[in-house]
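This report describes the metal sites and the ligand site of one structure, followed by a few individual residues. The sequence and the model are shown below.

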Amino acid sequence: EAKKATRGSVQNAPAATGDDVEARVLLGSAMRKAVQKSEFRLFYQPQICMESGTIYGVEALARWYHPAMGLIQPSQFIPVAEQTGQIEIIDRWSMEEACRQMAEWDRAGMRLPTVSVNVSAVSIRNTDLPRRIAALLKRYRLEPRRLTVEITESAMMQQSRDTGATLSAMLAIGIGLALDDFGTGFSSLSRLTHLPLTEIKIDRSFVTSLERDVGSMIVTEAAITIGKRLGVKVVTEGVEEIAQVRKLRQLGCDVVQGYLISKPLPSAEIPNWLQSRDGTITESDE
Ligand code: C2E
Ligand code: MG
Ligand code: MG
Ligand code: MG
């Protein structure tokens, strides 16, 4: 029921590039109201350290519970939000909600090492971002290194002088900076070595074809080598099979994230998930 409705009204809206301006404007203003009405939720996907099998952190991923259309996935609303400028509202909300949630877990005696939050290219153009993040960390009494900001490779490559300064200012606060969807944004490799990064996330498309496609293997291997040489963590996302974990371990990947370990979960399910995991993740999965 809800799925059908979503297909009709939302999925078609972003797909209709250019001509369907009206639909995009409507959806854009709907998003602002949706944030005010608390229709957005964050799901959290666990990330696991390869070596120890312990939790590395969680990635916060936005979901929209529309009263009429039901659950709307980010692939359906993030691109529209980016086109209509509403993304800053969503990113701002995600950042605060993730910090609030981490502090709540802390108080409940369940201390997660890190939370990663996705931030779009539009939002990093706002030079106010580092100051706002610093204020949030202070308000929720979180050590800066427990927050990682994820920025896609394509967004990083669009960077101007302003965003370069913003990235450096974020790093100066002491938070982590992850290069998301690595391998899809055609990075200039020389530029990559000058970015203020703490983490590289290899895009899901490479792990999916790791065994079938030599090119994917080459990119994955290269990304891990670059990460090691730069002294940053290498995370592989979209891991669905144990054979992929074995291969990634051989290649020296630091952290894995994917459906094999867990799908993104509502915040309420994270404590149980952590308890039931109880220790070595990759071993018990093998
Ligand atoms: P991403 O940051 O690259 O997040 C990883 C995506 O891969 C998530 O999709 C996650 O659910 C999915 N995924 C993880 N493991 C697996 C797996 O094993 N198999 C498969 N098939 N998929 C897996 P999701 O949650 O739909 O989010 C899509 C994208 O939307 C994210 O990609 C991110 O770029 C964006 N996004 C989500 N929340 C926010 C937000 O608050 N702000 C911004 N700017 N972007 C967001
Ligand atoms: Mg991400
Ligand atoms: Mg990604
Ligand atoms: Mg992505």
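In this predicted model, the magnesium ion (ligand 3) has three coordinating residues, D180 (OD), D181 (OD) and E237 (OE), at 1.9 to 2.2 Å. Along the sequence, these donor residues follow the spacing D-D-x55-E. The site joins distant parts of the chain: D181 belongs to strand β6 (residues 176-182) and E237 to strand β8 (residues 233-237), with their positions 56 residues apart in the numbering. D181 is partly exposed, at a relative accessible area of 22%. E237 has a relative accessibility of 10% and therefore counts as buried, since the limit for that class is under 20%.

The magnesium ion (ligand 2) takes its protein donors from E59 (OE), N118 (OD1), E150 (OE) and D180 (OD), which lie 1.9 to 2.2 Å from the ion. The spacing of these donor residues in sequence is E-x58-N-x31-E-x29-D. Here too the pairing spans distant parts of the chain, as N118 sits in strand β4 (residues 115-118) and D180 in strand β6, 62 residues apart. N118 is partly exposed, with a relative accessible area of 24%, whereas D180 is buried, with a value of 5%.

How far apart do the magnesium ion (ligand 2) and the magnesium ion (ligand 3) lie, and which residue bridges them? The distance between the two ions is 4.1 Å, and D180 is the bridge. D180 thus appears in the donor list of ligand 3 and in that of ligand 2.

The same residue also belongs to the surroundings of ligand 1. The shell of ligand 1 holds 24 residues, and the closest are D91, S94, D180, E240 and Y259. Three side chains that make polar contacts with ligand 1 are listed here.

| Residue | Atom of ligand 1 | Distance |
|---|---|---|
| D91 | nitrogen | 2.7 Å |
| S94 | oxygen | 2.8 Å |
| R204 | nitrogen | 3.1 Å |

On its own, ligand 1 has 800 Å² of accessible area, of which the protein covers 85%. The space that ligand 1 takes is the largest pocket.

Which elements each supply at least two residues of the shell around ligand 1? They are β2 (55-66), α3 (74-84), α4 (87-107) and β6. The element that gives the most is β2, with four residues. Strand β6, one of these suppliers, is also the strand in which D180 and D181 are found.

Strand β2 is also the place of A60. A60 has a relative accessible area of 5% and is therefore buried. Its C-alpha atom is 18 Å from that of A155, a residue 95 positions away in sequence.

The remaining residues lie in loops. Two of them, neither a glycine, have a positive phi: S38, with a value near 60°, and R141, with a value near 55°. S38 is located in the loop that runs between α2 (21-36) and β1 (40-49). R141 is located in the loop between α6 (129-139) and β5 (147-152).

Are S38 and R141 buried, partly exposed or exposed? S38 counts as partly exposed, because its relative accessibility is 47%, and that class ends at 50%. R141 reaches 74% relative accessibility and so counts as exposed.

S160 occupies the loop between α7 (153-157) and α8 (161-173). With a relative accessibility of 37%, S160 counts as partly exposed. S160 and R125 are separated by 35 residues in sequence, and their C-alpha atoms are 8.3 Å apart in space.

To return to the metal sites, D180 is buried at 5% and bridges the two magnesium ions. D180 is also one of the closest residues to ligand 1, whose pocket is the largest.

How values were computed
Residues numbered from 1 in each chain as written. Chains lettered and ligands numbered in written order. Predicted model: local features only at pLDDT ≥ 70, side-chain atom pairs only at ≥ 80, totals over all residues. Heavy atoms only, no water. Donors = N, O, S within 2.8 Å, 3.2 Å for Na, K, Ca; no water. Buried < 20%, exposed > 50% of the residue type's maximum accessible area, 1.4 Å probe, protein only. Near = heavy atom within 4 Å. Polar contact = N/O pair within 3.5 Å; in protein donor to acceptor, adjacent residues only side chain to side chain. Areas by Shrake-Rupley, 256 points an atom, 1.4 Å probe, with all protein chains shown as cover. 1 Å grid on protein atoms, 1.4 Å probe; cavity = no way out; pocket = protein on both sides within 12 Å on 5 of 7 lines; lining within 4 Å. Sits in = over half its atoms within 2 Å of the grid points.
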